[in-house]
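Work through the following exercises with the sequence and the model at hand. Each task is followed by a solution in steps.

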Amino acid sequence: MKRYAPPATYEFADGDAMLAAVLAGCGFAQLPLWMVGKYLKSGELKEVLQEYSGIEIPISALWAAKPPITTQNTLCRRYFG
């Protein structure tokens, strides 16, 4: 098997932008199933090159509901009210 890496026409650092471009017909992309599952089910997208798909990787995400209180924030609040 010969490997071919075509030059990138579009480059995105944002999965949502990449999905929007694919849905607009700008090409194809490798995206996680959790992001494209509903489009595959509806037929808007079609899975291609299945033999090159990666593995399922669970994603865990945590973030603070509000920013942490730092000493600087506390001093600013005391000084500026």
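**Exercise 1. Determine what share of the 81 residues of the protein chain counts as buried, and set this beside the overall dimensions of the chain.**

Solution. The coordinates are those of a predicted model. Step one applies the cut-off for burial, a relative accessible area under 20%. By this criterion, 11% of the 81 residues in the protein chain are buried. Step two turns to the radius of gyration: the protein chain has 21 Å, whereas a compact globule of 81 residues would be near 12 Å. Step three considers the C-alpha trace, which spans about 65 × 30 × 25 Å along its principal axes. Step four takes the contacts between residues at least 6 apart in sequence, of which 12% join residues at least 24 apart. Finally, the protein chain exposes about 8,000 Å², with 59% supplied by carbon and sulfur atoms.

**Exercise 2. State how many helices and strands the protein chain contains, and describe the segment that carries a UniProt domain annotation.**

Solution. The protein chain holds three helices and zero strands, in the order α-α-α from the N terminus. An unreviewed UniProt entry assigns the feature "domain: LysR substrate-binding" to residues 5-66. Within residues 5-66 the chain is 31% helix and 0% strand, and 43 Å separates the end C-alpha atoms.

**Exercise 3. Identify the buried residues of α2 and the element against which they pack.**

Solution. First, list the buried positions of α2: Met 35, Val 36, Gly 37 and Tyr 39. Next, find their partner: these buried residues pack against α1 (15-23). Then inspect the position just after α2, where Gly 43 adopts a positive phi of about 90°.

**Exercise 4. Classify Ala 29 as buried, partly exposed or exposed, and describe its surroundings.**

Solution. Ala 29 lies in the loop between α1 and α2. Its relative accessible area is 32%, so Ala 29 is partly exposed. Leaving aside residues up to four places away in sequence, Ala 29 touches Met 18 and Val 22. Pro 68 is 39 residues from Ala 29 in sequence, and their C-alpha atoms are 37 Å apart.

**Exercise 5. Establish which residues form a nonpolar patch on the surface, and classify Leu 49 by its accessibility.**

Solution. The patch consists of Met 1, Phe 28, Val 48, Leu 49 and Tyr 52, which together have about 660 Å² of accessible area. One of these residues, Leu 49, is located in the loop between α2 (33-42) and α3 (71-80). Leu 49 counts as partly exposed because its relative accessibility is 46%.

Definitions and conventions: Residues numbered from 1 in each chain as written. Predicted model: local features only at pLDDT ≥ 70, side-chain atom pairs only at ≥ 80, totals over all residues. Heavy atoms only, no water. Patch = residues over 30% accessible without salt bridge, like charges linked within 9 Å, V, L, I, M, F, W, Y side chains within 5 Å. Areas by Shrake-Rupley, 256 points an atom, 1.4 Å probe, with all protein chains shown as cover. Salt bridge = Lys/Arg side-chain N within 4 Å of Asp/Glu carboxyl O. Helix = DSSP H or I, 4+ residues; strand = E, 2+ residues; numbered from the N terminus. Buried < 20%, exposed > 50% of the residue type's maximum accessible area, 1.4 Å probe, protein only. UniProt positions renumbered as here; feature names shortened; annotations may be inferred. Contact = heavy atoms within 4.5 Å. Rg over C-alpha atoms; globule rule 2.2 N^0.38 Å.
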